[in-house]
Amino acid sequence: MNTCDWLQSRLEPLLIQTDSKLSQRISVMHVHSSSTDKQAMAGPRPVVLSGPSGAGKSTLMKRLLKDYEGVFGFSVSHTTRKPRPGEEEGKGLNMLPMLLGATLLPVADVFSSKDVVMSTAISEGRKVTCPPDYHYTTREAMQEGIDNGDFIENAEFSGNLYGTSKSAIEDVRAQNLICILDVDIQGVRNIKKTDLDPIYISIQPPSMEILETRLRDRQTETEESLQKRLEAARQDMELSKEPGVFDVVIINDDLDKAYEELTAILIDEIKKVQEVKS
Ligand SMILES: Nc1ncnc2c1ncn2[C@@H]1O[C@H](COP(=O)(O)OP(=O)(O)OP(=O)(O)O)[C@@H](O)[C@H]1O
């Protein structure tokens, strides 16, 4: 049994318990990349998906990944956390400790929509590409990268730094994959300072009332975390109206319609990927 199969067999029972809890992201990141700017610019443009928690980003992403297999990719994150036994760069094991940690850690702060997508694919019995490892680094190197503006987002969790580097995003592009970035509004602002040139998409709920209902129905939140998310959502909804921030704002009222709008925006980039593959 190879690493990927082993990982899937170990995760399946766990995912049933953890999938409903998976939610926001700490992105983990990569400072130094082997890709050159030239390679990076040759591939499809990345996509930024932003919007309040509960707006439907993961739901839409899951559909995209299912309908367009091998077209989208996620950046490899960077961390100052020490690799655990069996975790080495390139072995694809980093999801296991993350998922095992789900029962112990405040998952809302640890998991990303990417993880929801991955775990759903596995729990549905679909073949998935093993998630990439973290790029393990030292605090000094990572801090230097953050200070140099090499990261589009970073966070500290349990004494370790995690982040998403610009070069990790360029690496995905260089592999002829559309890099999906699920970031908050601060992440959007940081990306705007770079030359990553993504398509900026905001996913918004039809109203605060509907958002609250969806978050309650999702049964992933405590009353406290729900209130925090709603407050953040109010601010996000205001900011998304600022002209020039997003290329498009999709109101996710009817899921099919929202998905249709999303694919319409992405179809040129999707075709680019498919043409190169064929
Ligand atoms: N158009 C829709 N109509 C009804 N329910 C929806 C719609 N879109 C999403 N939902 C439901 O709303 C809930 C929140 O959606 P989802 O988890 O995709 O949000 P999210 O933006 O990814 O949130 P987070 O940032 O917290 O991960 C889910 O239970 C999902 O099934």
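Author: Helices (H or I, at least four residues) are DSSP runs, numbered from the N terminus. Ala232 is found in helix 10, residues 223–239. This is a predicted model: local features need pLDDT of at least 70, side-chain atom pairs count only at pLDDT 80 or more, and totals for chains, interfaces and linings use all residues. Residues are numbered from 1 along each chain as its sequence is written.

Reader: Is Ala232 buried or exposed?

Author: Count C-beta atoms, placed from the backbone, within 10 Å of the residue's own: 20 or more others is buried, 12 or fewer exposed, in between partly exposed. Ala232 has 15, so Ala232 is partly exposed.

Reader: Which residues does Ala232 touch?

Author: Contact puts two C-beta atoms, placed from the backbone, within 7 Å. Ala232 touches Pro52 and Ser53, leaving aside residues up to four places away in sequence.

Reader: Which residues surround the ligand most closely?

Author: A residue is near a molecule if its C-beta atom, placed from the backbone, lies within 6 Å of it. Here 18 residues surround the ligand; the closest are Ser53, Gly56, Ser58, Thr59 and Leu255. Helix 3 (57–67), helix 9 (208–218) and helix 11 (255–277) each give two or more residues to this shell.

Reader: Where do the buried residues of helix 3 fall around its axis?

Author: Take the directions from the helix axis to the C-beta atoms; the arc is theirs. In helix 3, Lys57, Ser58, Leu60, Met61, Leu64 and Leu65 are buried. Seen down the axis, the buried residues fall within an arc of 160°, so they line one face of helix 3.
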